Structures are given as C-alpha cells and as structure tokens.
Amino acid sequence: MDLDALTAARQGEWRRLRELERRRRLTGPESDELVARYQAASADLAEIKTSAGRSPQADVVSTLIAGARMRLTAGAENPLRVLPRFFALQLPAALYRVRWTTLVIATAFVAVVALIAFWVSRDPVLVAALGDQASLEYYAEEEFTAYYSENPAAVFAGTVWTNNAWIAAQCVLFGITGIWPIMVLVQNAVSVGMAAAVMFAFDRGDVFVLFILPHGLLELTSIFVAGAAGLHIFWAWIAPGPRTRGEALAQAGRSLATVAIGLVLALLLSGLIEGFVTAQPWPWPIKIGIGAFALGLFLFYMLWVGGRAARAGETGDLTEWEAGSPRLVAG
C-alpha cells in the first residue's frame, strides 16, 4: 500500500471528520455523517497499521478517531446544567410518585405510636417493666428535655442530621429487601411510643408533644418518604409487570434513589430546627410554627411541584440519553 497515496485520497474525509467533531451542535444528518466518517477512519487506521505499522499518518488518524469517539459517546453533562432539571423535575417527580404510600405509612406510624403510648402509660405494670421509678421519673422530668440542649446547637444539629440521613438512605437503598424499611419504621414507632408512654405516665405528655413537633413534623415525614421509596423499589422487583425484573428494578432504583438525595437536604433543615429551635425558650406557637412552615415547604415541593413534573411526563428516572437505551429496536 502506498501510504502517501492513501493520505492524499483520504485527506478531505479526515478533514471533514475533524470539522464535524469540533462543531458545537450537530444536526441529525451531520450526526449520521459523523458516525459514518468515524467508521471509515477506523477502517483507514486499521489498514495503515496493518501495512505500515506506527507512522505519523497513523497517529493523526488515531487522534481524529479518539476525538470523534468522545463526541459520539459524550460524557455526562456539566453538573451545573443538570442540577436545575434535577431539582425542578426529577426529584419532585420521584417524591410525588410515593405520596400515597407515604400517607399510608404516616397513618400506620402515628397509630402504632398512639396505641403503645396509651396502652403502656395506663398500665403501671408495663411502666414498671421499663425501669425503676426513680430513673423513669428523672427521664420524664429532666432527661427528655435536656437531650435537646446538653450539646452545642451546631454539634447537636450535625449529629442528628447525619444519623437521620443515614437512616433514610438505608430505607431507600436497602428497600429491595422489603424487610429493612418496615423494620426501621417499626423500631422508630416503638421507640417514640415508649418515650411518649413514659412522659404521659408522669403527666408530662404536653412536654413530649411540644418538644417533638417543631422538628418532628419534617423529620418523621422524611423517614416516611424514605420508607415509601424503599418499598416501591421492592415492589418493582416483586411485580415488574411487562418489563423484566432487571429492567423494572433498574428503573425504580434510578428514579427513587434520587429521593435519598432530596431527603438528605430535608433532614438537614429538620436537624437545624432541632438544634437551634426546639430547645429555645421561645413561645411554643413560634417554634411549632417554624416546624409546620418547614413541613409545608416540603409538602408543597413534593405535591405541587412534583405533581406538575409528573403531569409533564417526568418519573424521576434518568433521561434516555443518560440511562442508555435498554434494548435495540429495529425499524
């Protein structure tokens, strides 16, 4: 093979490949042309390598092919350009998907807490089984409220945030088991119910409610949402519908894992309220009002913004370009 003759014959095609690769935007026909010229250049490189081995011409074509490959495979978008779509469409749509399951979980959770608190607090034998009289009385009179102020506000807020965020992330990420989210929710319901029972047994039920509400409205709602997202992932595996189990699980995992990111931010807000508001000597209507306002913002984002995104066709999943085509379709 005459290497110089091949170079002269292909020079225009290689120049055109470079031009297409460097264009900022390509039309449909230009994209097809880029693919065709990429394939042709790859064939030229193979021929050069086979006949002449390492050569300047081979290096030039190899560089062209690498640039075209990068343009065709296209790395992820600039995060700063992805973030607006994520927070305006993907995240709220994912939250909106689990709204009814969240409501069911919240209702069941409150019912379990109320049942345990009422049952235990009204039975002296069950109260005594929780500990000796002096320890329980100290918990009700001092320890419960001191918990919110015994550490610096910033440290306490950070500790609470990381702990709750980890719990929420576990509910979502381990949701495929079907057991983990339920176990976490039941454990939390029992824990809150027992604490309420002790407080009510010593006539401190009002203190319990007042100290729980400012931060608990948003904090518990976030945990309910995490449990709902995890159970949706589990259900996608159990009942995939017309899709394969792998496809159903992948779609549910991609779309609902975003919920964990949103809940990290929501729990940051509830942690700040718990650290900087709950223990403050402010009027209770102000403290509870702050918690209710934070919950209202979250519900507005979940239901109104999420509903609008869902009606626009969003599911919380990645776009086809980001996720890749699940299968090749002829025609």
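This report looks at one helix and at the aromatic rings of a predicted model.

## Ground rules

Residues are numbered from 1 along each chain as its sequence is written. Local features need pLDDT of at least 70 and side-chain atom pairs 80 or more, while totals for chains, interfaces and linings use all residues; side-chain values use heavy atoms, without hydrogens and water.

## Helix α12

Let's start with α12, residues 284–311. Helices here are DSSP runs of H or I with at least four residues, numbered from the N terminus. The expected span is 1.5 Å times one less than the number of residues, so the 28 residues of α12 should cover 40 Å, and the 39 Å between its end C-alpha atoms agrees.

α12 has a kink of about 25 degrees centred on F300; the bend is the angle between axes fitted to the seven residues ending there and the seven starting there. Its buried residues (under 20% relative accessible area, 1.4 Å probe, protein chains only) include K287, L295, F298 and M302. Just after α12, G313 has a positive phi of about 100 degrees.

## Aromatic rings

The structure holds 14 aromatic pairs, meaning Phe, Tyr or Trp (six-membered ring) centres within 6.5 Å; planes under 30 degrees apart are stacked, over 60 edge-to-face and the rest tilted. F144 and F211 are edge-to-face because their centres are 6.4 Å apart and their planes at 75 degrees. This pair joins helices α7 and α10, with the two positions 67 residues apart in the chain. F144 is buried at 7% relative accessibility, and F211 is buried at 12%.

Both belong to an aromatic cluster that also includes W284. The charged end of K287 sits over the W284 ring, 3.5 Å from its centre (cut-offs: NZ of Lys or CZ of Arg within 6 Å of the centre and within 35 degrees of the ring normal).

Methods:
Buried < 20%, exposed > 50% of the residue type's maximum accessible area, 1.4 Å probe, protein only.
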